[in-house]
Amino acid sequence: MKTVYQQPGYAKDLGIPASEAADLFIYLGIASVISLLLSGAIISTRWMDEIYLYQASLIGNGLATVLLPHIRSYSGLVPYIIAYGACDGVFILLMSVLVLKSVDGESRAFALGMQQCFTAVALLVGLPFAGR
């Protein structure tokens, strides 16, 4: 499910030192936190519908991942990981928001619990199926 967890191995395959490959996670975290804050501010203004921002984040993640096999250097991996982290931060924030907005008040706790359960299962089984 998350190709980003395989980045140190991919960086090693490209001949990038382990210390620089580890820095990619720092860039990912910073981009993710900044995008969480910005997307939260954007959806609180009500001039943008959450679903459009959610779709844009998924398209951004998809495009970044499609372009990943063409990246062959550390200087290419840094913008990739920043773009991926930014889109992932928006995705993570809005996934729960959209689940809560799609059900009535009585079903919100159940819907959020089911969403978290299915996300956990996907994260648990996704990486072993992806390999490495």
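The following legends describe four views of a predicted protein model.

**View 1. Overall architecture of the predicted model.** The secondary structure of the protein consists of five helices and zero strands. Read from the N terminus, the order of elements is therefore written with helix symbols alone, α-α-α-α-α. The C-alpha trace spans about 55 × 35 × 25 Å along its principal axes.

**View 2. The crossing of helices α2 and α4.** Two packed helices are described by the angle between their axes and the distance between the axes. Helix α2 covers residues 18–44, and helix α4 covers residues 74–101. Their axes come within 7 Å and cross at roughly 40°. An angle under 35 degrees would count as roughly parallel, and one of 65 to 115 as roughly perpendicular; α2 and α4 are therefore oblique to each other. The crossing of these two helices is right-handed. Sorted by class, the residues in the contact of α2 with α4 are 17 nonpolar, six polar and two charged.

**View 3. A nonpolar patch on the surface.** Six named side chains are of interest here: Ile 26, Tyr 27, Ile 30, Ile 34, Leu 38 and Ile 82 make a nonpolar surface patch of about 540 Å². Helix α2 gives the most to this patch, with five residues. One of the patch residues, Ile 26, lies in helix α2.

**View 4. A salt bridge between helices α3 and α4.** A search of the whole structure finds one salt bridge. In this pair, the side chains of Lys 101 and Glu 50 meet at 3.1 Å, N to O. Lys 101 lies in helix α4, whereas Glu 50 lies in helix α3, which covers residues 50–67. The salt bridge therefore ties together parts that are 51 residues apart in sequence.

Note on methods
Residues numbered from 1 in each chain as written. Predicted model: local features only at pLDDT ≥ 70, side-chain atom pairs only at ≥ 80, totals over all residues. Heavy atoms only, no water. Axes fitted to C-alpha atoms, helices over the stretch in contact; angles between N-to-C directions. Helix = DSSP H or I, 4+ residues; strand = E, 2+ residues; numbered from the N terminus. Parallel < 35°, antiparallel > 145°, perpendicular 65-115°, else oblique. Left-handed = near helix turned anticlockwise from the far one by under 90°. Nonpolar A, V, L, I, M, F, W, Y, C, P; charged D, E, K, R; others polar. Patch = residues over 30% accessible without salt bridge, like charges linked within 9 Å, V, L, I, M, F, W, Y side chains within 5 Å. Areas by Shrake-Rupley, 256 points an atom, 1.4 Å probe, with all protein chains shown as cover. Salt bridge = Lys/Arg side-chain N within 4 Å of Asp/Glu carboxyl O.
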